[in-house]
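Here are a few notes to help you find your way around this one. Have the 3D view open as you read, and take the points one at a time.

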Amino acid sequence: MASLTYELTLAGLAVGSAAALTGIGLIVTYRATGVLNLAHGAVAMICAYVLRQLVVVWGWPLPAGALVTLLVVAPGIGLVLDLGVFRPLARREANPAQSLVASIGVFVLLVGAAVLVWGPGARDDVPVLLGDDPWAQLGAVVALACLVGAVTRWTRFGRELRAVIDNRPLAVLSGIDADRVAAAGWAFGSFTAGLTGVLLAPYVRLDPYGMPLLVVEVIAVAVIARMRSLPVAVLAALAIGVAQAQLTRLHPEGWAGPLVQAVGANLFVVALLVAALVLPGIGGEGRDALPPPVRSGRVPGGVWLVVGVLFLLPLGFAGSDLHTAIQVPALAVILLSLVVVAGRGGQIALGQAAYAGLGALFTALLTARGVPGLLALGLAVPLVGAVGLLTGWPAIRRRGLALALVTLATGVAVSRFVLTQPYATAGLSLGRPAGFSDDRAFYALELLVLAGCLALVAALRRGRTGRALAALRDHEPGAEAAGVAVPGLKLLAFVLGAALAALGGGLLGMGLRAFDPEAYDPVRGLLWFAAVLVLGADSLLTPLAAAALLTTLDAGAYAGTAALALGLLATLTARIPPLTKVLPQETRSPKAADGAQPPTGRPALLSISRRDGAGGNPGPAEGRTHPHRTAAARAPASATPAPVPRLHAHDLTLTHPGGVTALDRVTLDLAPSRITALVGPNGAGKSTLFDCLAGTLRPREGRITLDGTDITHRSAHARTRLGIARTFQRLAVFPSLTVEENVRLGEEQGHVRKDPAAVERSLRLLGLAGSVRHSTAADLPTGTLRRVELARALAGQPHTLLLDEPAAGLDAAETAALARVLTALAADGLTVLVVEHDPDLVAGIAHTVHTMEGGRIVS
């Protein structure tokens, strides 16, 4: 027994050493460049193939081949990636999501290149670099980790690296060549990837799909190390490797036995899933979602007619065998799920292949039990939708890179523990529904299903839910502030995406008359994601074009062509527009909300005459009604009671990580019909107090009440629906929506809903009722966007308005117009809080001014 334990420990150390190398490379690359390099496994695979080509095929000596592979080819790949892909992205200040998409593109590109050059089959004649002694591998890993640690801590380059990590712009201003640091990071990361590949290749299946996915699984060790600590990554890799090896001695009996064995053999997958779900997410909080697409006109009907004819051609001109064509509509339905989740919702979803595979699996299981084919498919869709609900519920708390890891881990886990396991798929066959066994009949059925799915998604994109999804994609905090229930909306997108993927997966399995787990491999999921992003994630034409390209390009002798082409385009995702943008666009004639033609020109902001009043503040316009006017505001001045606080903050205390106290027992009352201003130096706590009132932050101590009701733990969108609207210091408009759609979203999600007239009132109040209402927000100047954001907040008819530096970016005339509007709103009964640095604006509109300093209100 002791001998077995020792042997298993040695085997685990060998696997753990390779995983530790992956963790070291990923962490160094991430710390030097800020990029989570999902292509690490593909680089490892390419290097393993190169070493085999040099030694086995061309007959080079192993030492020479290893030196060329590890010291020339691997770092060279890293430098090429830096110069050709990621450095241009850094100079364009691309967000982390775009860099992640580019790394997925590199992954797909390298996989496609390997398939084209070496074929899709597995190789078992890879040379062994360090022999069978795991201690040699462990020693190499420990030595490499110590070397990296020493260089980072005690050399000039290490100091430069730490400076770039801490603050890249400041490091550049200090004379540090950040590009050189990034290039070194990429070269070293690719070197570790190459070393991982040549060490692993003799012991695992070397093929273009298996090894990259295996290396992706061991990203878990870098996530456990929070992409920071090399010792943690090494220890985690060794511990998981040894544990996985020891678990192979378990042979439990009963129905759970095969599952336990599968878990034991894939412990890195379990670690990745747990780390992605439980540990704090990596990446930023505001710039790590997919960027919104540039809005364009509708695709003309003529283009749709041409596409429809092309999809109908196989029915009239192809022969009786439609084996290739029959896969296109099914794959298009799968890709349509990515249009919902990634294109409209802006979420990085890398696990759609798992839902497609589950759709095919459930359909096969139901038909095996005698359920008719179409009914089985119809039942499989809600079943997978329920799985999407279960897997999406923990995932919706994540954003950007962290969400990408969760969805990738989910897809890999489903593939490893369900789709490829004999206990779930042994003996399964999948036929076609009765009456549709002929290729033509089944193809016609697929076209009908595809048309229905396209109509469903088109309706979703046009309606209220579609606008909310676009807002979520464009600016998640802004969407929540507008009243969008972000968690529920994310969950809806995931469930609908899972259901569509399951429908397409079931159709694909029926078309092929077999359940093939390789058709739903996680690597294919990355390829599908890259295809949708390259062609245009928010276009309904994208799934049709992508499905046709993916199917036809790989149908012949040149398998891998589609991956090569799409991967290359994905690496350029931030530099070239989506390919569907080259199609002709149809511009709609603008219509007003009620169907009438809107007035032309650019109306001026609401003009409000000044009159003498207390404190010299302008009074409300005479002879004008406003939806926010209260009975107290309309009463004669002599009968108006003293203002009663409506929103009250009591003893708020908030301490940021690191021990910095941002709020120290702050108490604040906000009353109707009054403008309260918060002033003070930067870092005084104004924005923190503002965010606590808006629901973006939760105080550690204290209470926030609205008319006596405690709302301290209410979310931001819940407070919006209670009547507390806000704007942002940094604009929170939705660039892919028009001005009117931005404002309409506020009415649909705000305090008082189902009042379309509120949209028109807000547009007119802020001078947006002319032709500008139909302009895309991305095309407008800052001054106009400030008005759009305020109009959206007012469209929900709130009783309390929180404005965070509303005059930022405005000129003198725009600031004066803003002052008139805010004064009128307060006179109409609105409670207004303004955080502002403009002393003239504060002096001109505020009834009460509070000064903050050091997290306290000092006056």
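1. Start at Leu-310, which is found in helix α14 (residues 301-317). In this predicted model, Leu-310 is exposed, with a relative accessible area of 51%; the cut-off for that word is over 50%. Leu-310 also belongs to a nonpolar surface patch of about 450 Å², made together with Leu-305, Val-306, Val-309 and Leu-313.

2. Next, have a look at the sheet. Six strands form an open sheet in the order β6-β7-β8-β3-β9-β10, and the pairing is mixed. At the edges you will find β6 (724-726) and β10 (856-857), each of which pairs on one side only.

3. Strand β8 (residues 831-835) deserves a closer look: five of its five residues are buried. Which residues cover its two faces? Thr-831, Leu-833 and Val-835 lie on one side, Val-832 and Val-834 on the other, and all are buried.

4. Now for the neighbours of β8. Strand β7 (residues 800-804) pairs with β8 in the parallel sense over five bridges, and Thr-800 stands opposite Thr-831. Between these two strands the chain passes through helix α33 (residues 812-827), in a β-α-β crossover that is right-handed. Strand β3 (residues 675-679) also pairs with β8 in the parallel sense, over four bridges, with Ala-677 opposite Val-834. β3 in turn pairs with strand β9 (residues 848-853), again in the parallel sense and over four bridges; there Thr-676 stands opposite Thr-848.

5. On to charged pairs: the count comes to 20 salt bridges. One of them joins Arg-52 and Asp-125, with the closest N and O atoms 2.7 Å apart. This pair links distant parts of the chain, 73 residues apart: Arg-52 sits in helix α2 (residues 40-57), and Asp-125 in the loop between α4 (96-118) and α5 (134-154). Is Arg-52 buried or exposed? Arg-52 is buried, at 8% relative accessible area, whereas Asp-125 is partly exposed at 32%.

6. Glu-476 and Lys-490 form another salt bridge, with their closest N and O atoms 3.4 Å apart. Glu-476 lies in helix α22 (residues 476-481) and Lys-490 in helix α23 (residues 486-512), so the pair ties together parts 14 residues apart in sequence. Glu-476 counts as buried at 16% relative accessibility, and Lys-490 counts as buried at 2%.

7. Finally, Glu-789 and Arg-786 meet in a salt bridge (3.8 Å, N to O). They are separated by about one helical turn because they are three residues apart in helix α32 (residues 782-795). Both are buried.

Terms used: Residues are numbered from 1 along each chain as its sequence is written. This is a predicted model: local features need pLDDT of at least 70, side-chain atom pairs count only at pLDDT 80 or more; totals for chains, interfaces and linings use all residues. Side-chain values use heavy atoms; hydrogens and water are left out. Buried means under 20% relative accessible area, exposed over 50%, partly exposed in between (1.4 Å probe, protein chains only). Two strands pair if DSSP finds at least two bridges between them. A crossover is right-handed if, with the strands pointing away from the viewer, the path from the first strand over the helix to the second runs clockwise. Patches are made of residues with over 30% relative accessible area and no salt bridge: like charges are joined within 9 Å, nonpolar side chains (Val, Leu, Ile, Met, Phe, Trp, Tyr) within 5 Å. Accessible areas come from the Shrake-Rupley method with a 1.4 Å probe; for residues, only the protein chains shown count as cover. A salt bridge is a side-chain nitrogen of Lys or Arg within 4 Å of a carboxyl oxygen of Asp or Glu.
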